[in-house]
Amino acid sequence: MTRKSAVSAKPASAATRKALAAAEALCAQRGERLTDMRRAAYQELLEAGQPMGAYDLLQRLQTRLDKALAPPTVYRPLEFLVQQGLAHRLESTHAFVACDHPSDHHQALYLVCTACGSAEEVRAPAVEGLIAETASSHRFVLKRQVTEAQGLCGDCTDAAQEPPEAR
């Protein structure tokens, strides 16, 4: 009897397959393993396209694998993905999101929409530099940093400015 891989239970898009292959290579380069559960969790984050809470991820994996899973089954892979830079944890929403560029060491800056829940990862070297400089001047060694700015995304801003009869 052959065991069905957690990843093969749901076909992935070309972009997702590319990201999964890159994650596999990145983990191998670091001497780490992207296990079936880690891979399945990462695939769900990639395909979600927006931040996802651990319990939402748990439900999606249970549906995908057609079996009951305990919360630690999801928290361990999420912790691994964050440690490897494949995902970020948004502190304000207690949600996780796939990193847009995991092979680059960087500090994450997210623009989080309070209306629709979307989060966009942006590069902001000036902000990263200021935080690193401030930490250094206080003899503080940064281990992980996720900076979040909350507001309305472009789509929600546009929708809020539409006249009521156009909605």
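**Two sheets and their surroundings**

Three strands make up an open sheet in the order β5-β4-β6, and the pairing in this sheet is mixed. The model described here is a predicted one. At the edges of the sheet stand β5 and β6, each of which pairs on one side only. From one strand to the next, the twist averages 25 degrees. As a general reminder, strands of a sheet pair through backbone hydrogen bonds, and they may do so in a parallel or an antiparallel way.

Both kinds of pairing can be followed from strand β4, which spans residues 108-113. With β6, strand β4 pairs in the parallel sense over six bridges. A good place to look for this pairing is Leu111, which stands opposite Ala149 in β6. With β5 (residues 119-122), strand β4 pairs in the antiparallel sense, here over four bridges. Two residue pairs help to trace this second partnership: Tyr110 has Glu121 of β5 as its bridge partner, and Val112 has Ala119 of β5. The strands β4 and β5 form a hairpin, with five residues between them. In the turn of this hairpin, Gly117 has a positive phi of about 85 degrees. How many of the six residues of β4 are buried? The count is five, so the strand is mostly covered.

A second open sheet also has three strands, this time in the order β1-β3-β2 and with antiparallel pairing. The edge positions belong to β1 (52-53) and β2 (87-90); each has a single partner strand, so one side of each is left without a neighbour in the sheet. Between β2 and β3 (residues 95-98), the antiparallel pairing runs over four bridges. Within it, His88 has Val97 of β3 as its bridge partner. This sheet also has a helix packed on it: α2, made of residues 36-48, touches β1, β2 and β3. The direction of helix α2 makes about 85 degrees with that of β3.

The loops offer some details that are easy to find on the model. Most residues other than glycine have a negative phi. Against that background, two residues are worth a look. His94, placed in the loop between β2 and β3, has a positive phi near 55 degrees although it is not a glycine. Arg139 likewise has a positive phi, near 55 degrees, and is a residue other than glycine. The loop that holds Arg139 lies between α5 (125-137) and β6 (146-151). Is Arg139 buried or exposed? With a relative accessible area of 80%, Arg139 is exposed, because the cut-off for that class is over 50%.

Another loop, the one between β3 and β4, contains Ser103. This serine has a relative accessibility of 57% and so counts as exposed. Ser103 and Ala22 are 81 residues apart along the chain, yet a distance of 8.4 Å separates their C-alpha atoms.

Side chains bring further parts of the chain into the picture. The count of aromatic pairs comes to one. The partners are Tyr55 and Tyr75, arranged edge-to-face, with 6.3 Å from centre to centre and 80 degrees between the planes. Tyr55 belongs to helix α3 (residues 54-65) and Tyr75 to helix α4 (residues 72-83), so this pair, 20 residues apart, links distant parts of the chain. Tyr75 counts as partly exposed, at 38% relative accessibility. A ring and a charge also meet: the charged end of Arg38 sits over the ring of Phe80, 3.6 Å from the centre of that ring.

The cysteines complete the description. How many disulfides are there? The count comes to zero. For Cys153, the nearest cysteine sulfur is that of Cys156, 3.6 Å away. A disulfide requires two cysteine sulfur atoms within 2.5 Å, so Cys153 is in no disulfide. As for their surroundings, Cys153 is partly exposed, with a relative accessible area of 21%, whereas Cys99 is buried, with a value of 4%. The boundary that matters for these two cysteines is 20%, because buried means a relative accessible area under that value.

Definitions and conventions. Residues are numbered from 1 along each chain as its sequence is written. This is a predicted model: local features need pLDDT of at least 70, side-chain atom pairs count only at pLDDT 80 or more; totals for chains, interfaces and linings use all residues. Side-chain values use heavy atoms; hydrogens and water are left out. Buried means under 20% relative accessible area, exposed over 50%, partly exposed in between (1.4 Å probe, protein chains only). Two strands pair if DSSP finds at least two bridges between them. Contact means heavy atoms within 4.5 Å. Axes are lines fitted to C-alpha atoms, for helices over the stretch in contact, and angles run from 0 to 180 degrees between N-to-C directions. Rings of Phe, Tyr and Trp (its six-membered ring) pair if their centres lie within 6.5 Å; planes under 30 degrees apart count as stacked, over 60 as edge-to-face and the rest as tilted. A charge sits over a ring if NZ of Lys or CZ of Arg is within 6 Å of the ring centre and within 35 degrees of the ring normal.
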